[in-house]
Amino acid sequence: MTRDEGRGASRRGVLRLAGTGLGLAALGAGAWGCGPVEDPAAVATPSAPGTAPGGGTGGGAFTTPPPGTAPKPLWQRPTAKGSLGADALAVAGDVVLVSGDPLVGRDLATGAERWRREEVAVPGAKMLVRGGTLYLASAQYDGDVVGLDPATGRETWRSRLGKRFSQPRTIAADERRVYVLAGILEKDFSVKRNVIAAIDASTGKVAWQELRDAGTEEYGITAEAVGRHLVYTDFRENVTVRDTATGRQLWTKKIGRSNSGGLAFHDGLVIVADAGRLRAFALADGREKWSLASEEFTRFHGIGVLDGVLYAADSGHVLRAVEPGKGTELWRTGALLDVAYPGQFAKVGGTLYAATELDDEGGVLAFDARDGKLRWRYNDGSGALDRWYVVAAGDRLAALHGERVTVLPAV
């Protein structure tokens, strides 16, 4: 066995151990620094920052690379420290936003800085864009929630919640309301209970607030507003649904683990990754409609419904396409054994894009959405052991990795 072959075999062993929860505990994070022999046809060589395929700057027309070859970046730029999390990256119109301080809006086509605001965003804050407004908890920790115009960075809206709430955090929004989670500040300035509240997007006033059960966490919340339902999970391993109009809790279910992989929705269903099963619940009453098991000793992680298909990756490095109304498997791929499993998805046309979890050899993966065939893999060559995040933006993809944002052509 050659040295490179040994390194690849060792890494595959670590990845399989990680699927059972033993890899990092047994070997330590340093074991993840080694990598397998790569297929040069499937991994992109990063171009210089600010350059586009064909040698031009700016993000004009671009061509499809040969089969098996990843596209070169249209542009790359550094980001502020603390830009982490799936919700730290957003595209609003033709502006790319990455959470951090300073908060910077960049031109989607060229990467040029459109605007910059100091001390307006808490590092890692959720980039929550609805109805043409970017909603953020105030970085001044004054209890306010602010709204910015994503095109200019100018403040266009503010809700002055005052000292009733401690450090409110935006968790979801729709066209009518912004939903926040906040602690209740006691007289001794301690926080023992927390509330979930809805702020009217037109008036900035609290439409309703509901006290959460004692012992519930303020952090680790994943939430979405879908029609008349506000759906969220937390570190207490629950999935809960409230009425968006009144805040009344409609139902809550205990699930087997905290839902770090996000929520997926389809035709009146909320779908969660619950350890080794995908589970679909009716939004109306919480009845379980179907479940789908992964292979033994593996757990589901990233999930997403795109164009009526549920995509789910597990710790065994298998990607599945599932009919979300019934839980029927459409296809699966085993092509990811040498790459960390995807944690997040985007789709443009007939191509499914997946952003990998922790892996210095991972990156953005492109699959044929019809059968799961891996088309190409892009890695920025930084060697950073960070998760990737990707957002589709017309014929482009915005990707966040470590302290760098990259825009690729969606080809």
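**A predicted chain built mainly from strands**

The chain contains 2 helices and 32 strands, where helices (H or I, at least four residues) and strands (E, at least two) are DSSP runs numbered from the N terminus. This is a predicted model, in which local features need pLDDT of at least 70 and side-chain atom pairs count only at pLDDT 80 or more, while totals for chains, interfaces and linings use all residues. Residues are numbered from 1 along each chain as its sequence is written, and side-chain values use heavy atoms, with hydrogens and water left out.

Of the 411 residues of the chain, 52% count as buried, that is, they have under 20% relative accessible area with a 1.4 Å probe and protein chains only. The chain exposes about 17700 Å², of which carbon and sulfur atoms supply 50%; these areas come from the Shrake-Rupley method with a 1.4 Å probe. Among contacts (heavy atoms within 4.5 Å) between residues at least 6 apart in sequence, 44% join residues at least 24 apart.

Strands of a sheet pair through backbone hydrogen bonds, either parallel or antiparallel. Here two strands are taken to pair if DSSP finds at least two bridges between them. One open sheet of 4 strands follows the order β1-β32-β31-β30 with antiparallel pairing, and its edge strands, each of which pairs on one side only, are β1 (75-78) and β30 (388-393). Neighbouring strands of this sheet are turned by 20° against each other on average, direction ignored, the axes being lines fitted to C-alpha atoms, for helices over the stretch in contact, with angles running from 0 to 180 degrees between N-to-C directions. Within the sheet, β30 and strand β31 (residues 396-401) pair in the antiparallel sense over 6 bridges, and Val 391 stands opposite Ala 398 in β31.

Another open sheet of 4 strands has the order β2-β3-β4-β5, again with antiparallel pairing. Its edge strands are β2 (89-92) and β5 (113-117), each pairing on one side only, and the twist averages 20° from one strand to the next. The antiparallel pairing of β2 with strand β3 (residues 95-98) extends over 4 bridges, and Leu 89 stands opposite Val 98 in β3.

A further antiparallel pair joins strand β18 (residues 263-266) to strand β19 (residues 269-274) through 4 bridges, with His 266 standing opposite Leu 269 in β19. β18 and β19 form a hairpin with 2 residues between them, and Asp 267 in the turn has a positive phi of about 45°.

Notes. Buried means under 20% relative accessible area, exposed over 50%, partly exposed in between (1.4 Å probe, protein chains only).
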